[in-house]
Structures are given as structure tokens and as C-alpha cells.
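Please open the model in your viewer and keep a selection panel at hand. The tour below moves from one selection to the next and says what is found at each stop.

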Amino acid sequence: MALEMRPSCESCGVGLRPESTVAMICSYECTFCADCVEKLGNVCPNCGGGFAPRPTRLSA
Ligand SMILES: [Zn+2]
Ligand SMILES: [Zn+2]
């Protein structure tokens with residue numbers, strides 16, 4: 001099971017590039033943008049889990 005970097009928000013479909021700072025993932029790697037996470041009350045609609053910022057590849 002490889003970590004999959006989904007290219008877009010699962011809710012609104014906005015593009016989330018790997019270096020995006022507004023990409024958020026839940027414990028089960030569902031990917032949403034920060035706007036949708038806020039609207040969802042920080043609860044994943046698929047899993048009921050919380051979100052964390054997705055790591056970018058800009059980690060120096
Ligand atoms: Zn979204
Ligand atoms: Zn989820």
C-alpha cells in the first residue's frame with residue numbers, strides 16, 4: 001500500500017499539487033483542501049477521522 005498523493009480535493013475537486021500548503025489528509029489518506037476541511041468541521045466525511053496538513057516535498 002503506497003502512499004498516494006491525490007492530485008485534487010475529494011470534495012470540491014480543486015487541484016492540490018504535491019507542494020501545496022492547503023492540502024489536508026485524514027488518517028486514512030483522504031485528501032481535501034483546507035477550505036473544505038473547515039466546512040466539514042475538521043472531520044473526514046469518509047472515515048470520521050481528523051485531518052492533518054499533508055507533508056509537502058519542500059521539506060528542505
Ligand atoms: Zn475542497
Ligand atoms: Zn478519510
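Begin with the strands of this predicted model: selecting the three of them shows an open sheet in the order 2-1-3, with antiparallel pairing. Strand 2 and strand 3 (51-53) stand at the edges, and because each has a single partner strand, one side of each is left without a neighbour in the sheet. If you look along the sheet, the twist from one strand to the next averages 40°.

Next, select strand 1 together with strand 2, which pair in the antiparallel sense over three bridges; within this pair, I25 has T31 of strand 2 as its bridge partner.

Now show the whole chain as a cartoon, where one helix joins the three strands and the pattern along the sequence reads β-β-α-β.

For the interior, select C9, L16, A23, M24, I25, C26, F32, C33, V37, C44 and F51, the 11 residues that make up the largest nonpolar core. Strand 1 (23-26) and strand 2 (31-33) are the elements that each give two or more residues to this core, and strand 1 gives the most, with four.

From that core, centre the view on M24, which, leaving aside its neighbours within four places in sequence, is in contact with F32, A34, V37, F51, A52, P53 and R54.

Finally, return to the full chain and colour by burial: of its 60 residues, 22% count as buried. In a contact map, 36% of the contacts with a separation of 6 or more come from residues 24 or more positions apart.

Note on methods:
Residues numbered from 1 in each chain as written. Chains lettered and ligands numbered in written order. Predicted model: local features only at pLDDT ≥ 70, side-chain atom pairs only at ≥ 80, totals over all residues. Core = buried A, V, L, I, M, F, W, Y, C linked by C-beta atoms within 7 Å. Buried ≥ 20, exposed ≤ 12 C-beta atoms within 10 Å, placed from the backbone. Contact = placed C-beta atoms within 7 Å. Pairing = 2+ DSSP bridges. Axes fitted to C-alpha atoms, helices over the stretch in contact; angles between N-to-C directions.
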